[in-house]
Amino acid sequence: MNAQTSLPVIETPLDEPSLAIDPELTARWLEAFLRDEMVERRGIGRAILGLSGGIDSALVAYLCARALGPQNVYAIRMPYKTSSPSSLSDAQRVVDALGINCETIEISDAVDGYLAHAPDADARRKGNVMARMRMLVLFDQSARRNALPVGTGNKTERLMGYFTWHADDTPPVNPIGDLFKTQVWALARHLGVPNEVVDKPPSADLEANQTDEGDLGITYAKADRILNLILFGYKDPAIVARGFSESEVGLVRRRVDATHWKRHLPTTALVSGTAINEFYLRPVDF
Amino acid sequence: MHAALVQFKPRKGDLDANLDAMRAVFEQLAPTGTELIVFPEAALTGYFLEGAVYELALDAPSLARAVDEEWRATGATRAVDIVVGFYENAGGTFHNSAMYLRAGGPERARIVHVHRKMFLPTYGVFDEERFLTRGRRLAAFESAFGPAAMLICEDAWHAIMPTVAALKGARLLIVPSASPGRGICGDGELESNARWKSILAAAASEHGVYVLYAGLTGFEGGKGMSGNTCAFSPRGDLLASAGPLDPCIVRVQLDPNEVDLARATIPLLGDLSAVLPDLWLDEEIPVTRRIEERT
């Protein structure tokens, strides 16, 4: 070997846990989850969900239709008077594409009936009232139809605390709660969710011109990678080394650290040696 | 020899229903001449029991009687060997165990061996050691195929376990398992299942042993038991594999000559036997120091 020639060098990139998904494998896994947890464990073959016109509930509608049959899926549209008309029409595209059942129940009267007694309510409080009203309607419609409410919260919003506690997170089963938003997009595209729903900017649609990424202060593409690295135990400098600014990493980490309580049941004072879920331990499906 | 590996989907906590389902499997297999039937870990109760393990655990003789009755209820008159994973109540000490049972035939059922899981996963989604006690011994025993050993789930993830089993003479490793599936970025297969296969293949090919893996299936509180029931030849070749989701039976033919041939071609086990004393007596291995301290 000539001492003057340098050897070829094979460089490895900085490693990072992948967010890619095998969408067909994921879809089959989540459909099996729905059938097992709903039909086999609870004996309920009907699903009911709030269909907002956004991608999360659209994806859940597709999964439920595949798992249970479209005739067993009930979509409830629950607009408030300020909701965007395109939310209703986008939800309709999902209903038409799948052939699932759909009903529209306005929540304006109920929400305004309460808000008349809360004239000082700001936008955040009003948004929470709307979210909790939708939960109330969904559970009542669930009882009416003997259908199980199915949750539509994704992992990103759960980690960022970007949801109303005991509202969006109340349904007893949720097929997409361990999928980051970018994974929701990938799975929705694979299952054929209409492009209009997949491609529009995500929004809670609680206020005019609201977008999730505007509220959060960071794009989902960045937030998901940072969240994934945090969950795998990476420290901030290691995350920054993978192409993020310190302020982006700090923003995401603060949101996660400030919202652990939203991912738990209420804190209960322990006074006995038989405290539920502390000493008396039984799995949810026992 | 024909073995049947049962990818089993239990009803959580319902011993009677699961024994009924076991009998249905027996009815299907009794006429086939299958000599060994393997059920997964925690097959009669489901895996995640938490404190309910104290309500549902069985003593080994009671389980043996119950399984034997189910086999005899098929009307089969021949004997059969059955492996079943169960939560064991050993006089108030609780284990995650697997029983190798000779059932049916003219004689009474005989418990050939009970292996108590040694590596109890207690991290992440797992919480076994909160409720269970570790087994202390890995033994080889005489199975329908000859010398065999059982490893339960995480037992098999530690390379030393198949190694010790093979050194003790095992030519067959039986692995009842309950593995919550995870990792969806793979290529058609859950990452956890792909990892399982690489571990089992490595154990089979390094030691020249058949490896039979029976996986639980079905969701338990959102955690999907990932099936993946499969068999590897003593050369490490995948002989058959089930998918992650549905109950099924994987039937495998085992030939003792294959073990001899694999070991003759690549005599790693023999090499290890020769070198092991040097490795084991190495003072830098902590276990050696502990033994010295005890004596």
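Two strands pair if DSSP finds at least two bridges between them. With that in hand, here is a set of close-up views of this predicted model.

**View 1. Strand E4 of chain A lies beside strand E1 of chain A in the parallel sense.** Two bridges link E1(A) and E4(A), which covers residues 148-149. Look for Ile48(A) in this view: facing Ile48(A) across the pair is Pro149(A) of E4(A).

**View 2. Strand E1 of chain A is covered on both faces.** E1(A) spans residues 47-50. On one side sit Ala47(A) and Leu49(A), and on the other Ile48(A) and Gly50(A); all of these are buried. Ile48(A), then, is a buried residue that stands opposite Pro149(A).

**View 3. Strands E1 and E2 of chain A run parallel and belong to a β-α-β unit.** E2(A) takes in residues 73-77 and is joined to E1(A) by four bridges. Here you can follow Leu49(A) across to Ala75(A), the residue opposite it in E2(A). Helix H2 of chain A, residues 55-68, completes the unit with E1(A) and E2(A), and the unit is right-handed.

**View 4. His166 of chain A has a positive phi without being a glycine.** The phi value is about 60 degrees. You will find His166(A) in the loop that runs between helix H6 (155-160) and helix H7 (181-191) of chain A. Is His166(A) buried or partly exposed? Within 10 Å there are 14 other C-beta atoms, so His166(A) is partly exposed; being buried would take 20 or more.

**View 5. Asp205 of chain A also has a positive phi, and it is not a glycine either.** For Asp205(A) the angle is about 55 degrees. The residue belongs to the loop between helix H8 (195-199) and helix H9 (212-216) of chain A. Asp205(A) counts as buried because 21 other C-beta atoms lie within 10 Å.

**View 6. Helices H10 and H12 of chain A pack against each other in a right-handed crossing.** H10(A) covers residues 220-231 and H12(A) residues 246-257; the angle is about 65 degrees and the axes are 10 Å apart. Which residues of H10(A) make the contact? They are Lys222(A), Ala223(A), Ile226(A), Leu227(A) and Ile230(A). From H12(A) come Glu248(A), Val249(A), Val252(A), Arg253(A) and Val256(A). Sorted by class, the contact has seven nonpolar and three charged residues, with no polar ones.

**View 7. Six strands of chain B form an open sheet with mixed pairing.** Reading across the sheet, the order is E6-E7-E8-E9-E12-E13. Strand E6 (141-143) and strand E13 (238-241) of chain B are the edges, each pairing on one side only. From one strand to the next, the twist averages 25 degrees. At the E6(B) edge, three bridges connect E6(B) to strand E7 of chain B, residues 146-150, and these two run antiparallel. Within this pair, Ser143(B) has Gly146(B) of E7(B) as its bridge partner.

**View 8. Chain B meets chain A through 20 of its residues.** On the other side, 19 residues of chain A take part. Which strand gives the largest share of the side of chain B that touches chain A? Strand E10 of chain B, residues 217-220, does, with three residues. By class, this side of chain B has seven nonpolar, nine polar and four charged residues.

Technical notes
Residues are numbered from 1 along each chain as its sequence is written. Chains are lettered from A and ligands numbered from 1 in the order in which they are written. This is a predicted model: local features need pLDDT of at least 70, side-chain atom pairs count only at pLDDT 80 or more; totals for chains, interfaces and linings use all residues. A residue is buried if 20 or more other C-beta atoms lie within 10 Å of its own, exposed if 12 or fewer, and partly exposed in between; C-beta atoms are placed from the backbone. A crossover is right-handed if, with the strands pointing away from the viewer, the path from the first strand over the helix to the second runs clockwise. Axes are lines fitted to C-alpha atoms, for helices over the stretch in contact, and angles run from 0 to 180 degrees between N-to-C directions. A crossing is left-handed if the near helix is turned anticlockwise from the far one by less than a right angle, and right-handed if clockwise. Two residues are in contact if their C-beta atoms, placed from the backbone, lie within 7 Å. Ala, Val, Leu, Ile, Met, Phe, Trp, Tyr, Cys and Pro count as nonpolar, Asp, Glu, Lys and Arg as charged, and the others, Gly among them, as polar.
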